[in-house]
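This report considers aromatic contacts and helix packing in a single chain. The sequence and the structure are shown first, and the discussion follows.

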Amino acid sequence: MYLIKLILKVHNVQFCMDKNKLKNILKEYYSDNMVNSIITGRRKPAYSCMLILYEKYKIPFTAWKDIKSFLDKSLPNEKQ
């Protein structure tokens with residue numbers, strides 16, 4: 001995990017992924033019920049789909065461990 005954060009810092013890569021954008025992406029591969037289960041963290045995408053999502057949209061594999069916190073962290077902080 002630390003290595004991934006370090007690589008992202010070095011390459012100055014920032015993710016900007018909100019819940020609606022992720023839902024639209026997942027709807028290409030899954031039904032609405034499955035998409036909702038993935039967004040809430042009850043289920044995870046299949047590994048083959050994770051690989052596609054990483055290659056196509058740069059969603060890291062570690063995001064699926066806790067997708068809710070990934071979405072919270074990737075949103076810009078509006079309080080500042």
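## Aromatic residues

Phe-61 is partly exposed, since its relative accessible area is 32%. The model discussed here is a predicted one. Searching the whole structure yields two aromatic pairs. In one of them, the ring centres of Tyr-47 and Phe-61 are 5.8 Å apart and the planes meet at 20°, so this pair is stacked. The angle supports that label because planes under 30 degrees apart count as stacked. The pair links distant parts of the chain: Tyr-47 belongs to helix α4 (residues 47-57), whereas Phe-61 lies in the loop between α4 and α5 (67-74), and the two are 14 residues apart.

Tyr-47 itself is exposed, with a relative accessible area of 58%. Together with Tyr-54 and Phe-61, Tyr-47 forms one aromatic cluster.

## Lys-58 and the end of α4

Lys-58 follows directly after α4 and adopts a positive phi of about 60°. The charged end of Lys-58 sits over the ring of Tyr-54, at 5.5 Å from the ring centre. Tyr-54 is thus a member of the aromatic cluster and also the ring beneath the Lys-58 charge.

## The two sides of α4

Which residues of α4 are buried? They are Cys-49, Met-50 and Leu-53. Viewed down the axis of α4, these buried residues fall within an arc of 105°, so they line one face of the helix. In general, an α-helix has 3.6 residues a turn, so residues three or four places apart point the same way.

The face of α4 turned away from the buried side carries the exposed residues Tyr-47 and Glu-55. Tyr-47 therefore combines a place on this outward face with a stacked partner in Phe-61.

## Leu-26 and the cover of α4

What covers the buried residues of α4 includes α2. Leu-26 lies in this helix α2, which spans residues 19-26. Leu-26 is buried, with a relative accessible area of 0%; the assignment follows because buried means under 20%.

Leaving aside residues up to four places away in sequence, Leu-26 touches Val-35, Ile-38, Ile-39, Leu-53 and Trp-64. Among these contacts, Leu-53 is one of the buried residues of α4. For another contact, Ile-39, the C-alpha atom is separated from that of Leu-26 by 9.2 Å, and the two residues are 13 residues apart along the chain.

Conventions. Residues numbered from 1 in each chain as written. Predicted model: local features only at pLDDT ≥ 70, side-chain atom pairs only at ≥ 80, totals over all residues. Heavy atoms only, no water. Phe/Tyr/Trp six-rings, centres within 6.5 Å; stacked < 30°, edge-to-face > 60°. Helix = DSSP H or I, 4+ residues; strand = E, 2+ residues; numbered from the N terminus. Buried < 20%, exposed > 50% of the residue type's maximum accessible area, 1.4 Å probe, protein only. Lys NZ or Arg CZ within 6 Å of the ring centre and 35° of its normal. Contact = heavy atoms within 4.5 Å. Arc of directions from axis to C-beta.
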